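Reader: I would like to learn to read a model like this one strand by strand. Where do we start?

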Amino acid sequence: QVQLVESGGGLVQAGGSLRLSCAHSGRTFSAYAMAWFRQAPGKEREFVASTTWNNGTRLYADSVKGRFTIFRDSVKNSVYLQMDSLKVEDTAIYYCASGVVAGSEKSHYAHWGQGTQVTVSS
């Protein structure tokens, strides 16, 4: 059984940076594509970024392109989301997910973490 545990969320001012971490355990990390999604209050959960098993192909939502970077460390069995130039509209709960196929669809991902809150103040 795959388990995902996120950390690194918090409160930051607009323009600042945060790095989210997601620790993967239970099954071979390298077999999975990894992604980050987010959900703001009253909104649907939306795609943020994904990466294939070897960081070979990374995909980003248009809203975060150029500001966020997803990368994974196979030694630490973890995936990260470096978030720079944060905006108030980035405020949401951020979820880590793993699945067999990378991409922006929630249905690609069978395993989800519990989420970590990111709040960006103006």
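Author: Start with strand pairing. This is a predicted model. Strand 3 (residues 18-25) runs antiparallel to strand 8, and six bridges join them.

Reader: Which residue of strand 8 is the bridge partner of Arg 19?

Author: Gln 82 is the bridge partner of Arg 19. Further along, Cys 22 has Val 79 as its bridge partner in strand 8. Keep Cys 22 in mind.

Reader: How many bridges link strand 7 and strand 8?

Author: Six bridges, again in the antiparallel sense, pair strand 7 (residues 68-73) with strand 8. One of the partners to look up is Phe 71, which is bridged to Tyr 80 in strand 8.

Reader: What joins strand 7 to strand 8 in the chain?

Author: A hairpin turn. Four residues lie between the two strands. Look at Asn 77 in that loop. Its phi is positive, about 50 degrees, and Asn 77 is not a glycine.

Reader: Why single out a positive phi?

Author: Because most residues other than glycine have a negative phi. Asn 77 departs from that pattern, with phi at about 50 degrees. Asn 77 counts as partly exposed, because its relative accessibility is 30%.

Reader: Where is Ser 85, and what is its phi?

Author: Ser 85 sits in the loop between strand 8 and strand 9. Its phi is positive too, about 50 degrees, and Ser 85 is not a glycine. At 43% relative accessibility, Ser 85 counts as partly exposed.

Reader: Now the sheet. In what order do the strands lie?

Author: Read across the sheet, not along the chain. The order is 1-3-8-7, four strands in an open sheet with antiparallel pairing. Strand 1 (3-7) and strand 7 stand at the edges. Each has a single partner strand, so one side of each lacks a neighbour in the sheet. Neighbouring strands here are turned by 15 degrees against each other on average, direction ignored.

Reader: Is strand 8 enclosed or open to the outside?

Author: Check burial residue by residue. The cut-off for buried is under 20% relative accessible area. All six of the six residues of strand 8 (residues 78-83) are buried, so the strand is largely enclosed by the rest of the structure. Then check each face. Ser 78, Tyr 80 and Gln 82 are buried on one side. Val 79, Leu 81 and Met 83 are buried on the other. Both faces are covered.

Reader: Take one residue of strand 8. What surrounds Ser 78?

Author: Ser 78 belongs to strand 8. It counts as buried because its relative accessibility is 8%. Leaving out residues up to four places away in sequence, Ser 78 touches Cys 22, Ala 23, Phe 29, Phe 71, Arg 72 and Asp 73. Its side chain also reaches the backbone oxygen of Lys 76, at 3.0 Å.

Reader: Back to Cys 22. Which residue does a disulfide join to Cys 22?

Author: First the general idea. A disulfide is a covalent bond between the sulfur atoms of two cysteines. This structure holds one. Cys 22 is joined to Cys 96, with S to S at 2.0 Å. Cys 22 lies in strand 3 and Cys 96 in strand 9 (residues 92-99), so the pair ties together parts that are 74 residues apart in sequence.

Reader: Is the link of Cys 22 and Cys 96 left-handed or right-handed?

Author: Read the angle about the S-S bond. It is -80 degrees, and the link of Cys 22 and Cys 96 is left-handed.

Reader: Are Cys 22 and Cys 96 buried or exposed?

Author: Both Cys 22 and Cys 96 are buried.

Conventions:
Residues numbered from 1 in each chain as written. Predicted model: local features only at pLDDT ≥ 70, side-chain atom pairs only at ≥ 80, totals over all residues. Heavy atoms only, no water. Buried < 20%, exposed > 50% of the residue type's maximum accessible area, 1.4 Å probe, protein only. Pairing = 2+ DSSP bridges. Disulfide = S-S within 2.5 Å. Axes fitted to C-alpha atoms, helices over the stretch in contact; angles between N-to-C directions. Polar contact = N/O pair within 3.5 Å; in protein donor to acceptor, adjacent residues only side chain to side chain. Contact = heavy atoms within 4.5 Å.
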